[in-house]
Every structure is written in structure tokens, then in C-alpha cells.
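Visitor: Please take a close look at one part of this model with me and follow it wherever it leads. I like to see the cut-offs as we go.

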Amino acid sequence: MKKHSLLRSALCMMVCFLLPFSAEAKHDHFKVSVYVRAAEVQKMKDTQWLESSWATISSQLDVDKIYLETHRDMLIVDDATLEKAKKFFLKQGIEVAGGITFTIDESNEFETFCYSDPEHRKMVQKIAETTARHFDEFLLDDFFFTSCKSPVEVKAKGNKTWTQYRLELMNDAGKNLVVGPAKAVNPKVKVIIKYPNWYDHFQGLGFNLEYGPKIFDGIWTGTETRDPASAQHLQNYLSYNIIRYFENLRPGYNGGGWVDAGGIQMGMDRYAEQLHLTAIAKARDVMLFAYHQLLEVPMNDRFRTPWQDMGTSWNYDEMKAPFKNGNKMVTPTTMARIAGIKSYKPFHALGEDFLQNYLGMIGLPMDMYSTFANDQKIVLLTEQAAGDKDIMTKIKAQLQSGRDVIITSGLLKAIPEKIAEVCELRCSDLKAFVNDFGRYGQSGREILIPQVRYQTNDSWEVVSAGRPLTGGVSGFPILHKAKYTGAYLYVLTIPDDMGQLYDYPAAALTEIRRVMSQDLDFYLDGPSKVSLFLYDNHTLIVENFNDEPVDVKLVCEPNSFKLLKNLEDKSTVEGKLEDYWVGWHKKSATKFAVSLKPHSYMAFSY
């Protein structure tokens, strides 16, 4: 039997400022939960396996709650085994809940149930009822969607789009096959749905963020970003951003974040990073998927990254070292040891998918809402806002009240005739390669951007780029502004490859951050792949996602704040007044210089 250890030290570090942690006791301000798949629950019929596997995990990880799955891939755990496992964990002082994964064959492209098929509907309901008999709370793993296109579903869909059909179908399934039958069997039961990480595409498979959070008693959030280069291409920042977005859908009902070992081949830091971003987003619970990974993913020095020798926030060597648990010394051998700016996203809208996570990675604190924020000095609208038929009424109302709007080139291209009501701008089909941002510096590579066009002297470029721009013959807007009544409509040009936002020069990014951070106490001055997290209690966290150290400055209005206090070592950073230029105008700001190690973060109060 392999031993493990990954969560204890990382949890301790990730919450040292936000979520007090005690290695000796259970956690006071958040929970650590572990999900157990049906295959492993079924193994718990064997008392020796149950006891030995739990001894391995519990010797190195403080667990508050465990979720025992009743069904996955047509395996239904028998009643006796469920009760045996439930009784065992309750005896250990662990909270126990149930879980369901509604898959027919997860290995077959996540084969789901067909929710218009009468036989499938009966099985779904039976599984929900069985689970409710054993537990007063159960959670649906993130497969409560449908990709089925069987003849039954094709006929039932009729002339509806797949999105429209599936949204209606899964609303019905949630209410009438799962929640209703479960509560009929056990009126006390709470049914929770875990939503996965690919939120921008939910509607296409029936996940309904408009009504789902109201149908179920709570939601959970998939914060597993794994490897950004893999199939989903999810950026690190999503582990934070998605928690905040789902919390904004129905405040108080987001139970926590869910992380797995995907992406661990990039280094153990990648796993720890997802965990502490989940905590930074103020999740109430951290779910570790899953019991089998805590048992089977070995500690291996190939997961130790080169920057570990630089004194990073999360320390592989400390995590791997033997530690004391009660009166015993435990030697870790596997992975059980680790453990804004308002943007309007209408329900079910598509366009510039997951862009907010890329913006978060260039230092713009993101806070996504499903309603238009009318209490902000500036609001961000991506192409998704085109899904609101009244969007121009809302834009003009914001501008007429003297408050700014920043739109992306994607939204401009989607609704040019509507934007023309404010300013005659257009995002053409023409492209340009750029690498020179003039006084804002140069990029390390050529960037392909859409060409934003405008009427000379009717609106103005704030940040421009060309190839070259200085001494060249052409240039194009990167950040553009158009005055309307007493405010500005800004246009932010998004590269064809959103990842090339990271190639924008630091000074250009800083100017973009300055414009977009009007509602915030601070903005970042520095390179990309550094994120800023701000809280309403005068605390902030700044995190470096780069593989090398970076120097950044935290910028605020002149003399707004004089000191930053490091929440970990109590040291202070003094702000210094510095001048900068906006167009032809010289201005000043207070800047706090901070040095960040690779894949590390620092927390401050101010």
C-alpha cells in the first residue's frame, strides 16, 4: 500500500492569511472534503481495505467530510456496503454525505444518460431515490448534462436548437427526476449540483446557470484548471474567477471548490496552485477528487519544478519531509499532502469564450455577473454582452450618468450598428501583425490583432501598436476611447489568440489596468501572468504565475495609502510618489515595489 501526502503544508500556506488552519485540529473556517467514487466505495465492502486505505490518508490529511458515491458508469453500490462505509466514517468523527455521477460510460467520451428515454429516466430517478434513503445530503458530480443524440432525443428535440432543447430537458430532469423524487423519499435531504470548469459552454449540453442554482439546494464549483495547454485550455486564473462567478449567481449557496490531480505532470506546484486559488476566492470548502488519487498518485521528484530552489510560496521539499501527526512521524509518499472589475455575462451567451480568465492573468481582477452592474465607474463588456437585446440601452445609460464602459473588439464586431449609436467604430475583417507599442515598449513576438477602425478626430487611440509603430508607416488601436456625453466608451483590442495578451508589453498592460481599475484601490504595474486579488477589508494578494521572479508595483492614487503590511512576516512596504504620463498630461501616483518569486504569492493589508 502506497502512502501519500500533499495537502497539509499547502493548505496551511494557502490559508495563512485568509483561512486559519490548525494541523492539530479540524479546520475552523473552511472544510477539507474528499470525494469517493463508486468503484472505491464498493471496495469498502472489504473491511481490511477500508481500514488500511483510510489509515494511509488520515495519517497525513485532516479530513472534515467525505462523500460516498452511490453510482457511476452503471455501477450501483449495494445498500449494505453504503451503510457499512457510512458507519465507519461517522465513527471516525467525519461528516458523511452521498454522491452521484450520472454517466453510462465515462471512458466513452463521457457517455451520459438520454433524459427523454423512458428507461433512462426510470434509472435516474431510482438512483436519486436510493441515494436519498442513505444520506441527508448528496452531491451530483459534474456530469448532470446530456450529450445524447439518440433517435429518441432527435425525435423529442423537434425543431428546437440543441441548446434550447437540452436546457429545458435538464431543468425537467433536475426537478422531476432528481430533486423531487429524492425529497419525496427523504424530506430532509439536500441535493447539491457540482458545476464543472467549462462554464461558457454549459448551455450547449443542458447545464442551466439561470435556473439550476434555484432548483438545487446548493452548488459546488469545479476549480480544476489542470494544464492550460490540454484540451480545455483553461487558464490558471479560472480557479479563482469561477468561484466568484458562481457565488454571484446565488450568493451564499456556493459550497466550495473541487480540485483533482490533472496537470500534476507540470509540477506539484500546479496542484497546490489550484487549491490556494480556490481558498483565495473565499470558498467555504475544498473538495479533493478523489479518494483513489490520494492513494494512487505517487510522490515523485519529477514533480519538483526548477524554481523550487528560489524559496517559493509552496515548498516541495518541506511538503515531502517527514512530519509529526500526533505522536507519530509520517513520511509522505503520494499526493495527499498538498493540498473586481465587474464584467457582464448574460445567461447562456457565447463569444470570446473564457476571456475573463486571460484578463485575470494580465493583472485585471475579474468579477463576473449575470446582470449589468449599474453602480460602477467602469464596466467591462465582452462579446457575450451581445446576447442582451437591450445592451445599448444599458450602455448609454451608463455613459449618460458620467460613468465609463469598456468593450472588447469582439463585442464591437458583433454589434457595430448598435455601437454606432455612441460612436462610429468598426472592427473589420482585416488583420495586422504588431510588435511595437511605441512609448509603451515592444513585444517579444509578433501579435495578430483585428483592425479597429474609427473616424479621425471623432475618437482617439490611447495605446497603439504597429510593425513597427515608431518610425513605421501604420498603427492600430490596442486601447481606444470615444467620448459620449460626459464619459468614455473604451475599446480593448483582443488578439486572435487570446493567449497573446500575455505578450503585450508591461507598460501597455499597465495603462490598460489603470483605465479599467477605476473602482479599485490598486492596480498592477508590471508584466503579464501576475494576478491581483482585492478584498473589501483592505487586504490584497498578488500572485506570480511565471516560471521566473518578477518585480511589480502596486499603484494607488497619490497619498491614498502609505504602507503595505505583509500578512505573513509583518514587514512593511512604503509607497513612493512617482510621475507618469497620460497622453500629454503628467500625473502622479503612489507605487509600492514588490518582488515575487516564481509561482508564489504575497498578501498585504493596507
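Guide: Happy to. Helices (H or I, at least four residues) and strands (E, at least two) are DSSP runs, numbered from the N terminus. This is a predicted model in which local features need pLDDT of at least 70 and side-chain atom pairs count only at pLDDT 80 or more, while totals for chains, interfaces and linings use all residues. Residues are numbered from 1 along each chain as its sequence is written, and side-chain values use heavy atoms, with hydrogens and water left out.

Let's take helix H5, residues 118–134. The expected span of a helix is 1.5 Å times one less than its number of residues. For the 17 residues of H5 that gives 24 Å, and the end C-alpha atoms lie 25 Å apart, so the two agree. At the N-terminal end, Asp117 acts as a cap, with a side-chain oxygen 2.9 Å from the backbone nitrogen of Glu119. That is a polar contact: a pair of N or O atoms within 3.5 Å, where within protein one must be able to donate a hydrogen and the other to accept it, and residues adjacent in sequence count only if both atoms are side-chain atoms.

Which residues of H5 are buried? They are Val124, Ile127, Ala128, Glu129, Thr130, Thr131, Ala132 and His134. Buried means under 20% relative accessible area, exposed means over 50%, and partly exposed is in between (1.4 Å probe, protein chains only). The buried residues of H5 pack against helices H4 (79–91) and H7 (162–185), and against strands E2 (65–72), E3 (75–76), E4 (95–100) and E7 (137–140). Two of these partners, E2 and H7, are worth following.

On E2 sits Glu69, a residue with a relative accessible area of 0%, which means that Glu69 counts as buried. What does its side chain find there? A polar atom of the Glu69 side chain lies 2.7 Å from the backbone nitrogen of Ala38, and the side chain also makes a polar contact of 2.9 Å with that of Arg72. Contact in general means heavy atoms within 4.5 Å. Leaving out residues up to four places away in sequence, Glu69 touches Tyr35, Val36, Arg37, Ala38, Val41, Val77, Leu82, Gly99, Ile100 and Thr101.

The loop between E2 and E3 holds Asp73. Most residues other than glycine have a negative phi. Asp73 has a positive phi of about 55 degrees although it is not a glycine. Its relative accessible area is 29%, so Asp73 is partly exposed.

Now to H7, which leads to the largest cavity: H7 gives the most to that lining, with three residues. A few terms first. On a 1 Å grid over the protein atoms alone, a cavity is a set of points where a 1.4 Å probe fits but cannot get out; a pocket is an open set with protein on both sides within 12 Å along at least five of seven lines; and lining residues have an atom within 4 Å of a point. Grid points are joined across faces, edges and corners, and a volume is the space filled by probe spheres set on the points.

The largest cavity holds about 70 Å³. Besides H7, strand E8 (190–195) and helix H8 (212–215) each supply at least two lining residues. The residues around the largest cavity are Phe144, Met170, Asn171, Gly174, Ile193, Tyr195, Gly206, Phe207, Asn208, Gly212, Ile215 and Phe216. By class, seven are nonpolar, five are polar and none is charged; here Ala, Val, Leu, Ile, Met, Phe, Trp, Tyr, Cys and Pro count as nonpolar, Asp, Glu, Lys and Arg as charged, and the others, Gly among them, as polar.

Phe207 also belongs to the lining of the second largest cavity, together with Tyr199, Phe202, Gln203, Leu209, Tyr245, Lys345, Phe347 and His348. The second largest cavity holds about 50 Å³. Its lining has six nonpolar residues, two polar and one charged.

For contrast, an open space: the largest pocket contains about 960 Å³. Of its 35 lining residues, Lys481, Glu511, Arg514, Val582 and Gly583 are the closest to the centre. Strand E20 (460–465) supplies the largest share of that lining, five residues. The lining of the largest pocket divides into 19 nonpolar, seven polar and nine charged residues.
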